[in-house]
Amino acid sequence: MEVRGAFLLVHHVPYVAETGAVETGTLVSTLSLSGDTVLRPDDHVAQFIGGQPCHKTGQHIQQIVHQITDIALAPGLVANRSFSNKPPEGYRDYHHKMTTYANIISGPAQSLDPANDPRKFIAIQSSEDDSVFAYVDTASSRAGISTLAKKLDVPRVAIIGLGGTGSYILDLISKTPVGEIHLFDADRYYSHNAFRSPGAPSLEELRKQETKVERFTNIYANMRRGVVPHCVFINPDTIHLLDGSSFAFVAIDGGSGKKFVLEGLEQRGIPYIDCGMGIEEVDGKLTGQVRITTSPGGYADHIWKKGAISFAEEDIGNEYSRNIQIADLNMLNASLAVIKWKKLMGFYLDLECEQHSIYPIDGNVVINAYSAQSSDGSQPAGLSEELA
């Protein structure tokens, strides 16, 4: 028996093949966990690595046939078929589930020779777990997207600015297999930050007045490794800290400071997504827009020649500059940015390859512009490979 990621594997299960010979295969089941506690199976289906189990006569064991096709469960883990056998009240635990399937599959083989027993008592050497997560990612295995999630396994992502939008970007990126997440912000975490960032800090926590990078690093260290704090603003003295980044999310106020950061990323060939928000009060109601602008590398004319990003200093009339509490818009800004990043990585399908998206609050639509499609209408070749 082996646990590999969020999957339970039972090796050396004997079965009668279509040829009549006895062969062995591997039973696989998703593993339902809460931290390091095993829960009751939430799925009665099992996968099998091997041929089609048969009766002694060579006829397929039809009672368990579900799908006969290769199924990519996770990188390096491909099943050849799946079985379905559901007791009236479901499976009590994984012992019940796996022994039920093993008995059905190996029964004909054991009738030929009692030595064909799945209980081989063979020691399996476990490989060292190099995952960034402190506990197994069962969300991907439950959804059947473990192989897709591997596309997000890039070495290093930078998040510049940990205000409302940046903190939500961190919350989303922390749940992906990115190797390192580098945080850049020199501000401290105060009460107004609590109302537009993930989580619910206690009064005692607020009284500590931690730096933002310190607070968020401590929080997400509970879930994963590789969160690296930098209690600095990006300026000429610190711009070198971005060297080696695979991608950057920029979530800071506009103006000359933002221009300097984006120019530094461009010079280093680091693709990035810049986030922005403009909110104002009209007749006692708030309106405005949420924006994300992408520079995937080699496609930046929309920023520097067409004015997709304004580098004007913050307008004193902009309500957002006065820390108005709009966590929902911060979340939306972060979500749009991370969804776009996942498109660039090949996780989500990207038909428009847009580089600039705006969500006007009063219209409730997303407006896309500046497609990054190449001359044949496709996304620039090798983009996701280049980011990785």
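**Exercise 1. Work out the strand order of the open sheet, its pairing and its edges.**

Step 1. In this predicted model, eight strands form an open sheet with mixed pairing, in the order 13-12-11-14-15-16-17-18; strands (E, at least two residues) and helices (H or I, at least four) are DSSP runs numbered from the N terminus, and two strands pair if DSSP finds at least two bridges between them.

Step 2. The edges are held by strand 13 (227–230) and strand 18 (367–371), each of which has a single partner strand, so one side of each is left without a neighbour in the sheet. From one strand to the next the twist averages 15 degrees, where axes are lines fitted to C-alpha atoms, for helices over the stretch in contact, and angles run from 0 to 180 degrees between N-to-C directions.

Step 3. Strand 11 and strand 12 pair in the parallel sense over five bridges, and within this pairing alanine 158 has histidine 182 of strand 12 as its bridge partner. Strand 17 (residues 354–360) and strand 18, by contrast, run antiparallel and are joined by four bridges, with asparagine 368 in strand 18 as the bridge partner of serine 357.

Step 4. Strand 17 and strand 18 also form a hairpin with six residues between them, and asparagine 364 in the turn has a positive phi of about 55 degrees.

The residue numbers used here start from 1 along each chain as its sequence is written. Local features need pLDDT of at least 70 and side-chain atom pairs count only at pLDDT 80 or more, whereas totals for chains, interfaces and linings use all residues, and side-chain values use heavy atoms, with hydrogens and water left out.

**Exercise 2. Establish how helix 4 is enclosed, and describe serine 174 in the loop that lies between helix 4 and strand 12.**

Step 1. Nine of the ten residues of helix 4 (residues 164–173) are buried, so this helix is largely enclosed by the rest of the structure; buried means under 20% relative accessible area, exposed over 50%, and partly exposed in between, with a 1.4 Å probe and protein chains only. Among the buried residues are Tyr168, Ile169, Leu170 and Ile173.

Step 2. These buried residues pack against several elements, including strand 11 (156–160), strand 12 (180–184), helix 7 (212–220) and helix 10 (327–344), a contact being heavy atoms within 4.5 Å.

Step 3. Serine 174, in the loop between helix 4 and strand 12, counts as buried because its relative accessibility is 0%. Leaving aside its neighbours within four places in sequence, serine 174 is in contact with Phe133, Ile181, Tyr220 and Arg224.

**Exercise 3. Identify the residues with the most contacts inside the largest nonpolar core, and the element that gives the most to it.**

Step 1. The largest nonpolar core has 40 residues, and those with the most contacts inside it are Ile159, Ile169, Leu170, Ile173, Leu183, Phe249 and Trp341; such a core is a set of buried Ala, Val, Leu, Ile, Met, Phe, Trp, Tyr and Cys residues joined through side-chain atoms within 4.5 Å.

Step 2. Helix 10 gives the most to this core, with eight residues.

Step 3. Phenylalanine 249 is in contact with residues that include Ile159, Ile169, Ile173 and Trp341, its neighbours within four places in sequence being left aside. A second, separate core of 20 residues includes Leu8, Ile64, Met98 and Ile104.
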